[in-house]
Amino acid sequence: MSSSSTNTTAIPLPPPSPDEESFSTSVLNFSSGNPRIEETRGLMHLLRDDPSPSSLPVGRKPLVCVVGVPNHMTYADFCQFCGSFIHHILEMRIVRMDGNGMEDQYSVLMRFDHQDSTDTFYNHYNGRRFSSLSLEVEVCRVFFTLDVQYTGSIEHAQPSNATSTDQPTCPVCLERLDQDTSGILTTICNHSFHCSCISKWADSSCPVCRYCQQQAEKSICFVCQTTENLWICVICGFVGCGRYKEGHAIIHWKETQHCYSLEVETQRVWDYVGDNYVHRLIQSKTDGKLVELNSRCVHADNGCGSCGCEDNAMSEAILNSKVDAIVNEYNELLASQLESQKLYFETLLQEVKEETEQEISIAVQKALSLKKPKIQAKIDRVNKEKKFLDDLNENLVKNEEIWKTKLLEIEEKEKKTSRLADDKIRNLEEQLRDLMACLEGDKKIVEELPVTNEIKDGSVFDIPIESSSTSAAEPERKA
């Protein structure tokens with residue numbers, strides 16, 4: 001178990017006396033701190049409720065524990081809930097009870113300046129609902145505490161022995177955390193603040209480490225399945241997201257006219273027709289706004305009497321209305337400042353954009369001026385090459401025409417030569433055929449004639465045949 005941070009302050013108590021140990025007590029385990037970083041565990045000895053409602057437990061101390069505070073109540077909500085006694089509280093410490101089915105709740109250890117203030121707080125808040133709209137089970141249960149014991153190897157600094165230089169400071173106002181001058185609230189993650197500073201923090205998370213004691217919601221929107229900003233219709237039970245998400249709860253109201261919707265996180269009911277929360281409201285005398293009316297005091301049957309609760313309630317209501325007025329004024333001022341800042345930065349962005357465009361234009365012109373001679377020289381060279389190629393193409397076209405003419409002449413010559421050769425070959429074939437016929441005729445004549453001595457001793461000469469008409473007479477004459 002790691003030690004707690006420097007902002008952690010323990011509630012110092014003297015050990016119980018032997019007489020106090022004989023009282024009817026209950027021992028509860030508690031823990032605090034971020035489980036992922038550091039955690040503090042301990043035991044809490046609580047006095048059981050006295051069966052007689054008119055009497056208070058004997059042996060009580062100025063230390064009480066408020067058990068079962070719902071997680072949807074933020075630190076500011078709890079400080080506002082017990083605002084009439086906030087000046088009598090020296091220290092408050094937020095803890096979680098281990099087991100007992102209290103995972104969605106937390107408890108608050110409170111130490112007062114006097115026993116009378118403690119008794120008055122007990123009588124006023126024990127059994128009181130946290131809000132007029134809260135469920136019946138969400139009531140304030142106050143127990144007197146005898147002793148708080150821390151387990152594990154954790155060393156807790158005693159504030160009574162600490163000097164002014166050793167005291168930690170409030171992370172909000174940076175002032176010393178002095179219990180004698182102002183109340184101190186220690187969050188569930190062991191960070192300490194002034195009660196007046198933390199009461200202005202509307203978020204349920206820690207202002208220092210952003211650790212949130214509230215468990216994640218298990219409900220989801222029936223339409224978009226989101227788990228944030230959920231509202232449940234108190235008429236039919238439809239769960240939808242709020243106007244800051246997809247607005248399915250408002251769409252459900254417009255479709256069904258079910259005008260009452262419960263905010264899951266804060267357990268408050270919204271009236272869509274009246275466009276406000278359904279509270280018991282009164283009109284403030286300071287600024288005319290509606291503020292919540294506190295419930296009836298439980299100190300007496302016929303009113304508060306001389307206890308001062310009524311005056312404190314009205315003072316609290318007036319203070320709340322003033323705070324609301326200041327908050328609204330601050331929100332309007334912040335909205336106007338944000339709008340002016342938006343216009344200012346949009347002007348700056350426009351100026352930067354114009355300057356950038358101008359610089360880009362100048363850079364482009366400079367680059368073009370530097371590259372223009374090179375580009376012009378390249379263009380001239382390309383034009384020369386183009387002219388040379390055009391001349392060359394023109395000459396090639398002319399040569400193509402000349403060669404086409406020569407080719408046609410050569411083809412004509414070849415055709416003539418081929419015709420002459422064909423005619424000559426045909427004549428030679430005819431002459432050869434005539435010669436063969438003549439030779440065949442001579443052979444037959446020789447064979448038919450009787451062999452004589454003259455012919456026998458004679459010789460036969462070939463005589464060229466000039467014509468086919470004389471080829472037969474010439475050999476006979478020569479023979």
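This passage walks through a cavity, some salt bridges, the cysteines and a few backbone angles in a predicted model.

Let's start with the empty space inside. Rolling a probe the size of a water molecule over the atoms shows where empty space is left. Here the search turns up one cavity of 30 Å³ or more, and the largest cavity holds about 30 Å³ of space. Its lining is made up of Trp231, Ile232, Cys233, Phe238, Ala249, His252, Trp253, His258, Ser261 and Tyr272. Two elements, β9 (230-233) and α5 (248-256), each give two or more residues to that lining. Sorted by kind, the lining residues come out as seven nonpolar and three polar, with no charged ones.

Helix α5 deserves a visit of its own. Its buried residues are His248, Ala249, Ile250, His252 and Trp253, and these pack against β9 and β10 (239-241). Among them, Ala249, His252 and Trp253 also turn up in the lining of the largest cavity. Right after α5 comes Gln257, with a positive phi near 65°.

That angle leads on to the backbone. Most residues other than glycine have a negative phi, and most peptide bonds are trans. Leu174 goes the other way, with a positive phi near 65°. Leu174 sits in the loop between β6 (141-151) and β7 (184-186), and its relative accessible area of 62% makes it exposed. Gln225 has a positive phi too, near 65°. Its place is the loop between α4 (195-198) and β9, where Gln225 is partly exposed at 46% relative accessible area.

Next come the charged pairs. Side chains of opposite charge can pair when their charged atoms come close, and this structure holds eight salt bridges. One of them joins Glu91 and Arg111, whose closest N and O atoms are 3.8 Å apart. Glu91 belongs to strand β4 (residues 89-97) and Arg111 to strand β5 (residues 105-112), so this pair ties together parts that are 20 residues apart in sequence. Are the two partners buried or exposed? Glu91 is buried, with 0% relative accessibility, and Arg111 is buried as well, with a relative accessible area of 14%.

Another bridge brings the side chains of Arg41 and Glu39 together, with 3.3 Å from N to O. Arg41 is partly exposed at 31% relative accessible area, whereas Glu39 counts as buried at 16%.

A further pair, Lys404 and Glu400, has its closest N and O atoms 3.7 Å apart. Both residues lie in helix α6 (residues 309-448), four residues apart, which puts about one helical turn between them. An α-helix has 3.6 residues a turn, so residues three or four places apart point the same way. Lys404 is partly exposed, at 44% relative accessibility, and Glu400 is partly exposed at 40%.

What about the cysteines? The structure holds zero disulfides. Cys170 is one of the unpaired cysteines, and the nearest cysteine sulfur, in Cys173, is 3.9 Å away. A disulfide needs the two sulfur atoms within 2.5 Å, so Cys170 and Cys173 do not make the cut at 3.9 Å. Cys170 itself is buried, with 0% relative accessible area. For Cys224, the closest cysteine sulfur is that of Cys221, at 3.7 Å, which is too far for a bond. Cys224 is partly exposed, at 30% relative accessibility.

One last stop is Thr74, in the loop between β3 (63-70) and α2 (75-81). Which residues does Thr74 touch, leaving aside those up to four places away in sequence? They are Tyr106, Ala202, Asp203 and Ser204. With a relative accessible area of 8%, Thr74 is buried. Of the elements met so far, strand β5 (residues 105-112) is the one that Tyr106 falls in by its number.

Note on methods: Residues are numbered from 1 along each chain as its sequence is written. This is a predicted model: local features need pLDDT of at least 70, side-chain atom pairs count only at pLDDT 80 or more; totals for chains, interfaces and linings use all residues. Side-chain values use heavy atoms; hydrogens and water are left out. On a 1 Å grid over the protein atoms alone, a cavity is a set of points where a 1.4 Å probe fits but cannot get out, and a pocket is an open set with protein on both sides within 12 Å along at least five of seven lines; lining residues have an atom within 4 Å of a point. Grid points are joined across faces, edges and corners, and a volume is the space filled by probe spheres set on the points. Ala, Val, Leu, Ile, Met, Phe, Trp, Tyr, Cys and Pro count as nonpolar, Asp, Glu, Lys and Arg as charged, and the others, Gly among them, as polar. A salt bridge is a side-chain nitrogen of Lys or Arg within 4 Å of a carboxyl oxygen of Asp or Glu. Buried means under 20% relative accessible area, exposed over 50%, partly exposed in between (1.4 Å probe, protein chains only). Contact means heavy atoms within 4.5 Å.
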